[in-house]
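Dear colleague,

Please find below the structure that I am handing over to you, followed by an account of what was found in it.

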Amino acid sequence: MTGTLAAIDQTIDAGQLDEARKALKGVPEDEANRADVLFLKGRLLEADHNRESAWQQYQLVLDLDPGHVPACFRAGLLADQAGDDDTALDLFERCLEEQPAHVNALLNLAIIYEERGQLRNAESCLRRVLAEYPEHHRARQFLKSVESSYTMVYDEQRRRDSEQRHAILDQPISDFELSVRSRNCLRQMNIRTLGDLLKVSESELLSYKNFGETSLTEIKSLLTQKGLSLGQTLTTVPAKPAVRATAPFTGDNAVVLNKPVTDLELSVRSRKCLQWLGVNTLGELVTHSEAELMAIKNFGQTSLNEIRNQLAQHGLSFRPSR
């Protein structure tokens with residue numbers, strides 16, 4: 001991009017759109033600069049919130065010059081905002097074909113990779129940023145969050161495994177083929193599910209009238225097939241809180257209260273915790289207390305301070321603890 005066109009690009013960044021339009025009209029368009037001129041027209045459309053037309057303009061640029069990094073990046077942002085992760089991923093990756101790599105493209109790629117659970121790829125992008133800019137604050141904070149997510153992914157898998165296990169334990173004894181004697185003894189002992197069997201020992205079963213070694217062997221065989229055994233200790237899985245159903249907020253603070261929490265500058269850990277709570281807007285966020293957030297696994301004081309500061313910037317605060 002020539003000096004004149006680069007200056008117009010900076011004018012758009014500064015929000016001086018009328019000045020940028022006037023300057024762009026004075027630039028003669030030729031074969032050499034056509035892609036850059038079209039790109040700046042797209043930037044002006046995007047600044048006017050005409051995203052569809054901006055997208056079409058960036059596509060014209062990429063048709064002329066598939067390696068036009070600024071157009072790849074801006075089109076990637078539009079695709080990301082539209083929820084088209086696959087297209088955004090492709091466009092951001094194309095930004096990395098030139099060296100040095102596009103820092104903001106790397107950061108956006110890291111976000112997409114992290115949201116897809118591809119933590120190694122996210123980490124690689126962030127380390128590339130830090131290799132070029134060791135003091136890049138956002139990349140350093142994001143990398144810490146991604147590294148902590150390795151543990152969160154493990155915990156999430158463990159939670160799913162535990163829920164699946166509990167579904168097995170809730171199966172009624174009547175669903176299984178047992179002898180009449182075994183079935184009657186278990187019913188009289190008020191043992192109704194596989195989970196109930198895990199609360200008793202072999203000796204307790206054998207001490208019951210008419211319950212013998214044959215019945216014990218039969219039940220142990222049943223449990224073994226499920227990977228279980230008599231006398232196991234059950235693990236309690238904390239229940240996910242119910243999501244509060246809220247209508248759009250109205251009144252003087254409606255714009256602020258309806259603002260999506262995704263607009264806040266939060267770490268990955270904080271965003272995941274809010275997602276787990278089912279919080280989508282600032283209005284929903286302020287219906288929670290600090291104690292409720294601190295009770296979430298992997299949510300610490302750093303995340304609490306981060307969210308509290310973001311709320312304060314919008315003149316809001318958490319609901320007082322009861």
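Glutamine 56 counts as partly exposed, because its relative accessibility is 45%. In this predicted model, glutamine 56 belongs to helix 4, which covers residues 51-64. Its C-alpha atom is separated by 8.0 Å from that of glycine 42, and the two residues are 14 residues apart along the chain.

Helix 4 itself consists of 14 residues. From its first C-alpha to its last it reaches 20 Å, close to the 20 Å expected at 1.5 Å a residue. The buried residues in helix 4 are Ala54, Gln57, Tyr58, Val61 and Leu62. Viewed down the helix axis, the buried residues of helix 4 fall within an arc of 140°, and they therefore line one face of the helix. Glu52 and Asp63, on the other side of helix 4, are exposed. The cover over the buried residues of helix 4 includes helix 3 (34-47), helix 5 (69-81) and helix 6 (85-94).

The loop between helix 3 and helix 4 contains histidine 49. Although histidine 49 is not a glycine, it has a positive phi of about 65°. Histidine 49 counts as exposed because its relative accessibility is 68%.

Aromatic pairs come next; the count is two. One of them is formed by phenylalanine 39 and tyrosine 58, and it is tilted, with 5.7 Å centre to centre and 35° between the planes. This pair links distant parts of the chain, since phenylalanine 39 is in helix 3 and tyrosine 58 is in helix 4, 19 residues apart. Phenylalanine 39 counts as buried at 2% relative accessibility, and tyrosine 58 is buried with a relative accessible area of 0%.

Phenylalanine 73 and phenylalanine 92 also form a tilted aromatic pair, at 5.8 Å centre to centre and with 45° between the planes. Here too the pair links distant parts of the chain: phenylalanine 73 lies in helix 5 and phenylalanine 92 in helix 6, 19 residues apart. Both phenylalanine 73 and phenylalanine 92 are buried.

You may wish to know about the cysteines. How many disulfides does the structure hold? The number is zero. Cysteine 72 is in no disulfide, and the nearest cysteine sulfur, that of cysteine 95, is 5.0 Å away. Why is there no bond between the sulfur of cysteine 95 and that of cysteine 72? The separation of 5.0 Å is too far for a bond, because a disulfide requires cysteine sulfur atoms within 2.5 Å. Cysteine 72 counts as buried at 1% relative accessibility, and cysteine 95 likewise counts as buried at 1% relative accessibility.

As to the interior, the largest nonpolar core has 52 residues, of which Ile8, Phe92 and Leu126 touch the most other members. Helix 7 (residues 103-115) contributes the largest share of this core, namely nine residues. Leaving aside its neighbours within four places in sequence, leucine 126 is in contact with Leu107, Ala110, Ala139, Phe142, Leu143 and Val146.

Further along the chain, helix 13 comprises 13 residues, residues 213-225. Its end C-alpha atoms are 18 Å apart, which agrees with the 18 Å that it should span at 1.5 Å a residue. In helix 13, the residues Ser215, Leu216, Ile219, Leu222 and Leu223 are buried. These buried residues cover an arc of only 125° around the axis, so they lie on the same side of helix 13. Exposed on the other side of helix 13 are Glu213, Thr214, Thr217, Thr224 and Gln225. Among the elements that cover the buried residues of helix 13 are helix 10 (180-188), helix 11 (194-197) and helix 12 (202-206). Just after helix 13, glycine 227 adopts a positive phi of about 75°.

One further loop residue should be mentioned. Asparagine 190 is located in the loop between helix 10 and helix 11. Its phi is near 60°, a positive value in a residue other than glycine. Is asparagine 190 buried or exposed? With a relative accessible area of 52%, asparagine 190 is exposed, because the cut-off for that class is over 50%.

With kind regards

How values were computed:
Residues numbered from 1 in each chain as written. Predicted model: local features only at pLDDT ≥ 70, side-chain atom pairs only at ≥ 80, totals over all residues. Heavy atoms only, no water. Helix = DSSP H or I, 4+ residues; strand = E, 2+ residues; numbered from the N terminus. Buried < 20%, exposed > 50% of the residue type's maximum accessible area, 1.4 Å probe, protein only. Expected span 1.5 Å × (residues − 1). Arc of directions from axis to C-beta. Contact = heavy atoms within 4.5 Å. Phe/Tyr/Trp six-rings, centres within 6.5 Å; stacked < 30°, edge-to-face > 60°. Core = buried A, V, L, I, M, F, W, Y, C linked by side-chain atoms within 4.5 Å.
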